[in-house]
Amino acid sequence: LARPDRAGIAPFMSFILRAAVMADIAVLKSLIAESVMVLQADDYNEAQRQAALGTVFGVDTQLITDQTYFVIETAGEIVACGGWSFRKTLYGADALAGREDNRLDPAADAARIRAFFVKPGWTRRGLGGQILKACEVAAKAADFRRFELGATLTGIPLYRAYGYEPIETTEAQMAGGLSLAIVRMGKNGG
């Protein structure tokens with residue numbers, strides 16, 4: 001993966017996919033806020049995006065602790081993040097009310113695909129797809145055979161491209177009487 005220069009030539013760029021660590025949290029918070037405010041502007045109004053930051057959208061430190069949250073970096077800069085979980089919570093940051101961190105049963109439950117964000121200027125380079133594949137491989141290694149996620153309206157095309165189908169649309173309730181459409185999607189993993 002490389003970003004083309006003005007002449008359309010793609011110089012060599014190295015991308016590293018690694019597990020996120022607690023030291024990444026400040027950078028992740030900034031990346032998530034920038035991604036939400038810029039990339040989701042066509043799907044949610046500014047009040048919705050602002051209200052969602054830190055609750056619906058944000059860092060879930062449980063994923064980092066569980067070593068199931070990934071980042072992609074290039075030249076020392078984190079440009080994308082996302083993960084999976086063996087816990088019941090489908091979406092949301094640490095501050096989201098109603099979190100359920102109890103473990104799922106791989107024989108009966110679907111692994112959760114969680115919290116995908118790409119830094120503006122780095123979209124359409126396959127970064128989300130790379131993280132999604134890594135999540136599915138890791139979840140399969142933990143004996144999960146199905147996957148579910150809570151997609152933003154902005155994220156639906158990515159997940160559809162990888163075989164996820166809509167199950168239901170829900171509304172995440174936020175402060176000030178605002179809500180945010182979230183589409184629960186699923187896929188069998190084989």
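Which residues does Tyr164 touch, not counting residues up to four places away in sequence? The list is Ile113, Leu132, Glu136, Phe147, Leu149, Tyr159, Met185, Gly186 and Lys187. Contact here means heavy atoms within 4.5 Å.

This is a predicted model: local features need pLDDT of at least 70, side-chain atom pairs count only at pLDDT 80 or more, and totals for chains, interfaces and linings use all residues. Numbering runs from 1 along each chain as its sequence is written, and side-chain values use heavy atoms, with hydrogens and water left out.

**Cores**

Tyr164 also belongs to the largest nonpolar core, which has 27 residues. Tyr164, Trp84, Ile113, Tyr159 and Met185 touch the most other members. Residues in this core come from β2 (69–74), β3 (77–85), β4, α4, β5, α5 and β7 (179–188), at least two from each. α4 gives the largest share, 5 residues. A second, separate core has 25 residues, including Leu28, Phe57, Cys81 and Phe117.

A nonpolar core is a set of buried Ala, Val, Leu, Ile, Met, Phe, Trp, Tyr and Cys residues joined through side-chain atoms within 4.5 Å. Buried means under 20% relative accessible area (1.4 Å probe, protein chains only). Helices (H or I, at least four residues) and strands (E, at least two) are DSSP runs, numbered from the N terminus.

**Pockets**

| Pocket | Volume | Nonpolar | Polar | Charged |
|---|---|---|---|---|
| Largest | about 740 Å³ | 20 residues | 12 residues | 3 residues |
| Second largest | about 160 Å³ | 4 residues | 2 residues | 4 residues |

The largest pocket is lined by 35 residues. Phe116, Val118, Thr154, Gly155 and Leu158 lie nearest its centre. α1 (25–39), β4 (111–118), α4 (127–141), β5 (146–151) and α5 (156–161) each supply at least two lining residues. β4 gives the most, with 6. The lining of the second largest pocket includes Lys88, Tyr91, Arg99, Glu100 and Arg112.

A pocket is an open set of points on a 1 Å grid over the protein atoms alone, where a 1.4 Å probe fits, with protein on both sides within 12 Å along at least five of seven lines; lining residues have an atom within 4 Å of a point. Grid points are joined across faces, edges and corners, and a volume is the space filled by probe spheres set on the points. For the classes, Ala, Val, Leu, Ile, Met, Phe, Trp, Tyr, Cys and Pro count as nonpolar, Asp, Glu, Lys and Arg as charged, and the others, Gly among them, as polar.

**Lys119**

Lys119 sits in the loop between β4 and α4. Beyond four places in sequence, Lys119 touches Leu31, Glu34, Glu77, Ile78 and Val79. The side chains of Lys119 and Glu34 share a polar contact of 3.1 Å.

A polar contact is a pair of N or O atoms within 3.5 Å; within protein, one must be able to donate a hydrogen and the other to accept it, and residues adjacent in sequence count only if both atoms are side-chain atoms.

Notes:
Buried < 20%, exposed > 50% of the residue type's maximum accessible area, 1.4 Å probe, protein only.
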